[in-house]
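Thanks for coming, everyone. Let me put the model up on the screen, and then we'll walk through it piece by piece.

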Amino acid sequence: MDIRLIDAKNHLDSPVRISGWLAGKRSSGKLHFLQIRDGSDFIQGVVFQGNVSPEVFERAGSLSLESSIRITGTLVEEKRSPTGVELQVTDIEVVRASLEDFPINKADHGPDFLLEHRHLWLRSKKQWAIQRVRNTIIYATYEFLADQGFIKIDAPIFTPTSCEDTTELFEVSYFEDKAYLSQSGQLYIEAAIFSFGRVFDFGPVFRSEKSKTRRHLTEFWMMDAEMAFVDHKGNMEMQEQLVYFIVQKVLEKNIYELTILERDIEKLRSLQLPFLRMTHKEAVALLQTMGSSITENDDLGAEDETLLTKDRTSPIFIEKYPYAVKAFYMKKDPENPFYALCSDMLAPEGYGEIFGGSQREDDYEELLKEIRAHNLSESDFQWYLDLRKFGSVPHSGFGFGLERIVTWMCGTHHVREAIPFPRTMYRITP
Ligand code: 4AD
Ligand code: MG
């Protein structure tokens with residue numbers, strides 16, 4: 001019977017066939033131990049000379065790494081195996097033998113080598129685990145937002161203007177003209193709240209950031225959510241509920257993957273609501289006592305975010321940054337217009353910013369003034385200004401970078417492992 005390894009436990013002590021690849025091999029005398037993957041899980045297959053024909057024993061011995069195989073045998077309970085089962089092999093069919101030695105074959109390949117072979121590296125156990133956690137986070141996000149009454153609205157990728165920093169735009173030729181790749185779908189989903197109330201987008205965005213940090217990609221996946229009649233405070237509440245939901249889903253579905261990744265699971269289990277809120281001003285005061293040279297006029301740097309979060313296990317919100325360091329569309333704090341009604345959510349354990357959000361400027365004149373003050377093209381933003389002409393409402397939204405959340409959940413060092421094919425300042429291949 002053909003099965004997938006994910007169902008192995010339901011087929012104990014009966015003959016099965018598994019279609020997959022040879023991930024590893026070790027031999028000793030009358031035994032070959034085969035590490036087999038089929039995409040859904042991993043298993044060890046034991047080929048005992050006494051159990052198979054001489055041809056099959058010989059075939060097992062000469063199998064090259066990453067050959068595709070169909071392998072028949074009996075699944076038996078094996079306490080010492082991570083999945084609790086082992087395959088006693090009776091037959092092996094080679095689908096396609098690897099044509100050459102598989103290049104990823106030792107434990108200590110450097111990051112450049114691995115990234116150069118990303119198309120093959122994706123097969124390794126840790127990379128398998130990371131992408132499965134990513135998948136859980138994507139589905140958890142859809143589920144949570146749907147339960148909260150959001151509908152998905154797909155924002156365009158070709159755009160005539162910037163959404164965030166104008167210096168980080170990728171320009172592309174567009175027939176006789178030029179266009180920019182989207183930095184965030186936010187402005188477009190703002191239009192959609194006037195039709196649907198609560199909406200989100202989830203797709204790739206592009207930033208030509210000349211950043212070499214472990215947190216930056218040039219192409220990454222962003223989820224933007226936007227809500228009519230919700231203020232800055234309600235905005236933060238929605239964000240923390242979403243993160244809590246995501247973490248619970250990962251704990252429910254991915255303990256096995258987190259174990260493969262050697263993640264300290266207790267830290268994720270100890271996540272608590274509500275998340276701590278700290279104003280930018282308070283954060284600066286705290287950072288200064290920790291040796292940072294930040295001032296009350298500055299945005300937080302990556303090191304500042306690390307300092308604030310490295311000893312925590314729950315995320316924190318830093319709210320009310322100086323308006324001057326944030327994007328033009330944010331609403332100013334009516335109590336003190338030096339500040340924006342915004343928040344960044346910083347992930348614990350030193351991971352730093354994962355969410356950015358704010359209440360949006362909903363007044364036509366005020367928004368027009370800021371578009372002019374930021375030297376943005378009034379005509380390009382006319383459609384966005386229109387939203388403040390016809391039934392404008394207080395509204396707020398937020399966006400997260402998927403890879404930053406995956407990196408934190410998995411406890412990996414660099415954001416580039418959180419996306420199947422990372423694009424950075426230095427790499428757009430494979
Ligand atoms: O903070 P950002 O720039 O916010 C926005 O784009 C808003 N328009 C979102 C909104 O309110 N709808 O980006 C949002 C998140 C960041 O918090 C970070 O997690 C991630 O996107 N991010 C990056 N991730 C990887 N590489 C980069 N270069 C990133 N830049 C931002
Ligand atoms: Mg931000």
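Which residues does Phe 400 touch, not counting residues up to four places away in sequence? Before I answer, one caution: this is a predicted model. Now the list. Phe 400 touches Thr 141, Phe 202, Trp 221, Met 222 and Met 223. It also touches Leu 242, Ile 246, Ile 354, Phe 355 and Ile 405.

Phe 400 belongs to the largest nonpolar core, which has 46 residues. Some members touch the most other members: Ile 137, Met 223, Phe 355, Phe 400, Trp 408 and Met 409. Apart from that core lies another one, of 28 residues. Leu 287, Ala 340, Leu 376 and Tyr 384 are among them. As background, nonpolar side chains in soluble globular proteins tend to be buried together.

Next, the strands. Start with β15, residues 352-359. Is β15 largely enclosed or open? Here 6 of its 8 residues are buried, so β15 is largely enclosed by the rest of the structure. Buried here means under 20% relative accessible area.

What does β15 pair with? On one hand, strand β14, residues 342-347, is joined to β15 by 6 bridges. These two run antiparallel. Look for Asp 344: its bridge partner in β15 is Gly 356. β14 and β15 form a hairpin, with 4 residues between them. In that turn, Glu 349 has a positive phi of about 55°.

On the other hand, β15 pairs with strand β16, residues 395-401. That pairing is antiparallel too, over 5 bridges. Gly 357 stands opposite Phe 398 in β16.

Now follow β16 onward. It is joined to β11 by 7 bridges, and the two run antiparallel. Ala 228 has His 395 in β16 as its bridge partner. β11 in turn pairs with strand β10, residues 198-206, in the antiparallel sense, over 9 bridges. There, Phe 200 stands opposite Ala 225 in β11.

Is β11 largely enclosed or open? In β11, 8 of the 10 residues are buried, so this strand is largely enclosed by the rest of the structure.

On to the pockets. What is the volume of the largest pocket? It is about 1100 Å³. The lining has 47 residues. Closest to the centre are Glu 164, Arg 207, Lys 326, Asp 344 and Glu 353. We met Asp 344 a moment ago, as the partner of Gly 356.

Several elements give two or more residues to this lining. They are β11 (219-228), α10 (302-309), β14, β15, β16 and α13 (402-410). The largest share, 6 residues, comes from β15. By class, the lining has 18 nonpolar, 14 polar and 15 charged residues.

Let me stop at one residue of α10. Glu 305 is found in that helix. Is Glu 305 buried or exposed? With 6% relative accessibility, Glu 305 counts as buried. What is it in contact with, leaving aside neighbours within four places in sequence? Glu 305 is in contact with Arg 215, Leu 300, Leu 346, Gly 352 and Glu 353. Glu 353 is one of the residues closest to the centre of the largest pocket.

The second largest pocket holds about 580 Å³ of space. It is lined by 21 residues. Nearest its centre lie Ile 104, Lys 106, Trp 121, Ser 124 and Lys 125. Helices α3 (118-121) and α4 (125-147) each supply at least two residues. α4 gives the most, with 3 residues. The classes come to 10 nonpolar, 4 polar and 7 charged.

Last, the cavities. How many are there of 30 Å³ or more? The count comes to 2.

The largest cavity has a volume of about 70 Å³. Its lining is Arg 214, Arg 215, Tyr 351, Arg 404, Thr 407, His 413 and Val 415. Arg 215 is also a contact of Glu 305. This lining divides into 2 nonpolar, 2 polar and 3 charged residues.

The second largest cavity has about 50 Å³ of space. Thr 159, Thr 161, Ser 162, Cys 163, Ser 182, Gln 183, Ser 184, Leu 187 and Tyr 188 line it. What about charge? That lining has no charged residues, with 3 nonpolar and 6 polar.

That's the tour. Over to you for questions.

Note on methods
Residues are numbered from 1 along each chain as its sequence is written. Chains are lettered from A and ligands numbered from 1 in the order in which they are written. This is a predicted model: local features need pLDDT of at least 70, side-chain atom pairs count only at pLDDT 80 or more; totals for chains, interfaces and linings use all residues. Side-chain values use heavy atoms; hydrogens and water are left out. Buried means under 20% relative accessible area, exposed over 50%, partly exposed in between (1.4 Å probe, protein chains only). Two strands pair if DSSP finds at least two bridges between them. On a 1 Å grid over the protein atoms alone, a cavity is a set of points where a 1.4 Å probe fits but cannot get out, and a pocket is an open set with protein on both sides within 12 Å along at least five of seven lines; lining residues have an atom within 4 Å of a point. Grid points are joined across faces, edges and corners, and a volume is the space filled by probe spheres set on the points. Ala, Val, Leu, Ile, Met, Phe, Trp, Tyr, Cys and Pro count as nonpolar, Asp, Glu, Lys and Arg as charged, and the others, Gly among them, as polar. A nonpolar core is a set of buried Ala, Val, Leu, Ile, Met, Phe, Trp, Tyr and Cys residues joined through side-chain atoms within 4.5 Å. Contact means heavy atoms within 4.5 Å.
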